[in-house]
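Got your viewer open and a cartoon view ready? Let's walk through this one stop by stop, selecting as we go.

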Amino acid sequence: MSGRRVVVLARPGAARERTEQAVHAAGATLAASLDPAEADEAAVRAQAPQALVVVLDAATEGVLDRFDPLLADPGLDVVFDEAEVAARRDGWEAARWARHLAAKLDGHGDVLPAAPGHSARIGFVEEMQALALQVAALPEVPQAPSHAPAAPTGAVAIVAGIGGPDAVRQLLASLPARFPRPVLLRQKLEGGQYDKLVRQMQRATLMQVVLAQPGEPLQAGCVHVMPDGLDVVRAPAGAIFATCEGEPRFAGLPAADSAILLLSGADPSGVDAALSLRLAGAMAYGQAPENCFDPASSRMLVTRGGESRSLAEMSRELLHRWSA
């Protein structure tokens, strides 16, 4: 990649300075750094950017709505980062983030490999649109006889951490508003600002995004953001959220109708959970290391007999198994 024009949307301070350094290290052209509290859509577009790097903090979250047309523009690559993380990034971590940013800005809207058999790369949105048409053309699945007992409904669990928000956004963006299973998002955050994560993810998906609470049931077509100390248990009427110690193991999900996906920065405890569910019949994948900022858990999963997939492949399999 060389010379792509990038606008950094961030409040003044260490996080913005580190992000500017990363843009230069990635080989891109820094068109401008704009304060989201003072700039608007027109100010960003005046710089003729090809990509926008948004560094999120509380102040930026409060005014991000005014930039929604930019964030939804298919001709503009958008990368999100967390201000708290960016401000502390240095040395090896800074160099690794610059390489990751270079991959994201490498001439297309995602860091995914091209679909097999294509001579040119295609954007993530275009691939998902084509995939939706393929799913729509699939024959209907024969319905079970009316007297047969209903099988327990499962869910899709997504586990992520550092470097994970962008991967989560891409994955959620590929799912339709009426995706027929609940999606459980365990995105570990320093500081525990999960209400902010709910707002961020709502901008990325057509599904409803809510903060999970103990005792609440899982709802199809809904993304449940799971804060610290919450897991899923079985109840007479179906799976519900319940308090727990440590990270969730998702043992309360019916494995035969569930999936667990380990994305960038997933807690290592997720590997045991993924393998247990996989042995019981669940779909379980780690994010492909070549497209992952922090692939440690994905590599552990593969080392112990699991499999990895790109984000596009994960989306393809989710939509094929559970068409809306």
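Two strands count as paired if DSSP finds at least two bridges between them. Keep that rule in hand for the opening stop, and bear in mind that this is a predicted model.

**Stop 1: strand β5**

Select residues 156-160, which make up strand β5. Which strands does β5 pair with? On one hand there is β6 (residues 183-187), joined to β5 by 5 bridges, and the two run parallel. On the other there is β11 (residues 259-262), also parallel to β5, with 4 bridges between them. Because two bridges are enough for a pair, β11 qualifies with its 4.

To see the pairing residue by residue, show Val156 with Val183, its bridge partner in β6. Then show Ile158 with Leu261, its bridge partner in β11.

Now colour β5 by accessibility. Is the strand buried or exposed? Mostly covered: 5 of its 5 residues are buried. That goes for both faces, with Val156, Ile158 and Ala160 on one side and Ala157 and Val159 on the other.

**Stop 2: Ala157**

Stay in β5 and pick Ala157. Its relative accessibility is 0%, so Ala157 counts as buried, the cut-off being under 20%. What is Ala157 in contact with, once you leave aside neighbours within four places in sequence? The list is Leu184, Phe250, Ala259, Ile260 and Leu261. If you like measuring tools, draw a line between the C-alpha atoms of Ala157 and Ala274: they are separated by 9.5 Å, although the two residues are 117 apart along the chain.

**Stop 3: two residues with positive phi**

Phe250 was among the contacts of Ala157, so to speak our next stop. Select Phe250 in the loop between β10 (238-243) and β11. Most residues other than glycine have a negative phi. Phe250 is not a glycine, yet its phi is positive, about 60 degrees. The residue is buried, with a relative accessible area of 1%.

Now jump to Ala48, in the loop between α2 (41-45) and β3 (51-56). Here too you'll find a positive phi, about 50 degrees, in a residue that is not a glycine. At 48% relative accessibility, Ala48 counts as partly exposed.

**Stop 4: salt bridges**

How many salt bridges does the count come to? It comes to 21. We'll visit a few.

Start with Asp77 and Arg4, whose side chains meet in a salt bridge at 2.7 Å, N to O. Asp77 sits in strand β4 and Arg4 in the segment before β1 (5-9), so to trace the link you cross 73 residues of chain. Both ends are buried: Asp77 has a relative accessibility of 10%, and Arg4 has 13%.

Next, select Glu61 and Arg199, another salt bridge, at 3.8 Å from N to O. Glu61 belongs to helix α3 (residues 58-63) and Arg199 to helix α9 (residues 194-202), so this pair ties together parts that are 138 residues apart in sequence. Glu61 is buried at 6% relative accessible area, whereas Arg199, at 42%, is partly exposed.

Then add Asp68 and Arg203, with their closest N and O atoms 3.8 Å apart. Asp68 is in helix α4 (residues 68-71) and Arg203 in the loop between α9 and β7 (208-211), so this salt bridge ties together parts 135 residues apart. Asp68 is partly exposed at 32%, and so is Arg203 at 30%.

Show Asp65 as well. Which residues are joined into one network by salt bridges that share partners? They are Glu61, Asp65, Asp68, Arg199 and Arg203.

**Stop 5: the second largest pocket**

Finish by switching on a surface. The second largest pocket has a volume of about 470 Å³. To centre your view, select Glu82, Val85, Lys188, Leu189 and Glu190, which lie nearest its centre among the 28 residues of the lining. The elements that give two or more residues to this lining are β4 (77-82), α5 (83-88), α6 (91-104) and α8 (164-173). Which element gives the most? That is α5, with 4 residues.

Finally, colour the lining by class: you should get 10 nonpolar, 6 polar and 12 charged residues.

Methods:
Residues are numbered from 1 along each chain as its sequence is written. This is a predicted model: local features need pLDDT of at least 70, side-chain atom pairs count only at pLDDT 80 or more; totals for chains, interfaces and linings use all residues. Side-chain values use heavy atoms; hydrogens and water are left out. On a 1 Å grid over the protein atoms alone, a cavity is a set of points where a 1.4 Å probe fits but cannot get out, and a pocket is an open set with protein on both sides within 12 Å along at least five of seven lines; lining residues have an atom within 4 Å of a point. Grid points are joined across faces, edges and corners, and a volume is the space filled by probe spheres set on the points. Ala, Val, Leu, Ile, Met, Phe, Trp, Tyr, Cys and Pro count as nonpolar, Asp, Glu, Lys and Arg as charged, and the others, Gly among them, as polar. A salt bridge is a side-chain nitrogen of Lys or Arg within 4 Å of a carboxyl oxygen of Asp or Glu. Buried means under 20% relative accessible area, exposed over 50%, partly exposed in between (1.4 Å probe, protein chains only). Contact means heavy atoms within 4.5 Å.
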